[in-house]
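Trainee: Please take me through the surroundings of the ligand in detail, and then show me how they fit into the rest of the fold.

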Amino acid sequence: MPYTHILVAIDLTAECHPVILRAQALANSSNAQLSLINVVEPMAMAFAGDVPMDLSMLQQQQFEQARERVDTFAKAYPELTPEHCHLIYGQPRQEIHRLAKEQDCDLIVVGSHGRHGLALLLGSTANDVLHGAPCDVLAVRLKQPA
Ligand code: AMP
């Protein structure tokens, strides 16, 4: 069965392009809809809630910067129209799964650094997304930085 709706998750680094390109090629060959998600993690969560200051302004700026970067990435891919680009606050695994369910996606595409050893123990988003995913997950192997 060909895929009908592919969700590509991006972290807004330069490494997103090979991940989006793979998702785009799959979407084209299956005639599937392509959607994109980036999850902005709340700062308080990133610092384990231990920061004794008001982060709301910083967080607003972080969200606006992420919006600009998503728009820049999406411009390179004609099928990624604004209604198919999702910028969401929260925890990546949870929000990627939630959106995939909500949008009836049958494939999630993420990048993977193929970490091992200590780095693997510390966890990776690709690994996180795979566990409990509501549909298939494709991990696109990314090159390790030299
Ligand atoms: P990482 O494990 O952080 O190196 O990320 C591996 C992959 O997970 C990335 O290539 C993205 O596909 C996805 N990912 C990581 N962080 C996010 C995020 N904040 N929002 C959406 N996808 C993400």
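Mentor: Let's start with His 113, where a polar side-chain atom sits 3.0 Å from an oxygen atom of the ligand. That makes a polar contact, meaning a pair of N or O atoms within 3.5 Å (inside the protein, one must be able to donate a hydrogen and the other to accept it, and residues adjacent in sequence count only if both atoms are side-chain atoms). The backbone joins in too: a polar backbone atom of Gly 111 is 2.9 Å from a ligand oxygen, and a backbone N or O atom of Val 39 lies 2.8 Å from a ligand nitrogen. On its own the ligand would expose 480 Å², and the protein buries 88% of that; these areas are Shrake-Rupley values with a 1.4 Å probe, and for residues only the protein chains shown count as cover.

Before you lean on those distances: this is a predicted model, where local features need pLDDT of at least 70 and side-chain atom pairs count only at pLDDT 80 or more, while totals for chains, interfaces and linings use all residues. Side-chain values use heavy atoms, without hydrogens or water, and numbering starts from 1 along each chain as its sequence is written.

Now the shell as a whole. E2 (33-40), helix H4 (92-102) and E4 each give two or more residues to it, with E2 supplying the largest share, 3 residues. Helices here are DSSP runs of H or I with at least four residues, strands are E runs of at least two, and both are numbered from the N terminus. The shell has 15 residues, and those coming nearest are Ala 9, Ile 10, Val 39, Gly 111 and Thr 125; to be in it, a residue needs a heavy atom within 4 Å of the ligand. By type, 8 are nonpolar, 5 polar and 2 charged, with Asp, Glu, Lys and Arg as charged, Ala, Val, Leu, Ile, Met, Phe, Trp, Tyr, Cys and Pro as nonpolar, and the others, Gly among them, as polar.

Ile 10 leads us inward. In the largest nonpolar core, 25 residues in all, it is one of those touching the most other members, along with Ile 6, Val 8, Ile 20, Leu 36, Leu 80 and Val 109. A core here is a set of buried Ala, Val, Leu, Ile, Met, Phe, Trp, Tyr and Cys residues joined through side-chain atoms within 4.5 Å; buried is under 20% relative accessible area, exposed over 50%, and partly exposed in between (1.4 Å probe, protein chains only). Strands E1 (5-9), E2, E3 (85-89) and E4 (107-112) and helices H1 (16-30) and H3 (56-75) each give this core two or more residues, and H1 gives the most, 5. Ala 9 belongs elsewhere: a second, separate core of 14 residues includes it, together with Ile 88, Cys 105 and Val 110.

Val 8 shows the packing well. Beyond its neighbours within four places in sequence, it contacts (heavy atoms within 4.5 Å) Val 19, Ile 20, Ala 23, Leu 34, Ser 35, Leu 36, Ile 37 and Val 109.

Zooming out, the chain has 6 helices and 5 strands, running β-α-β-α-α-β-α-β-α-α-β from the N terminus. Of its 146 residues, 39% are buried.
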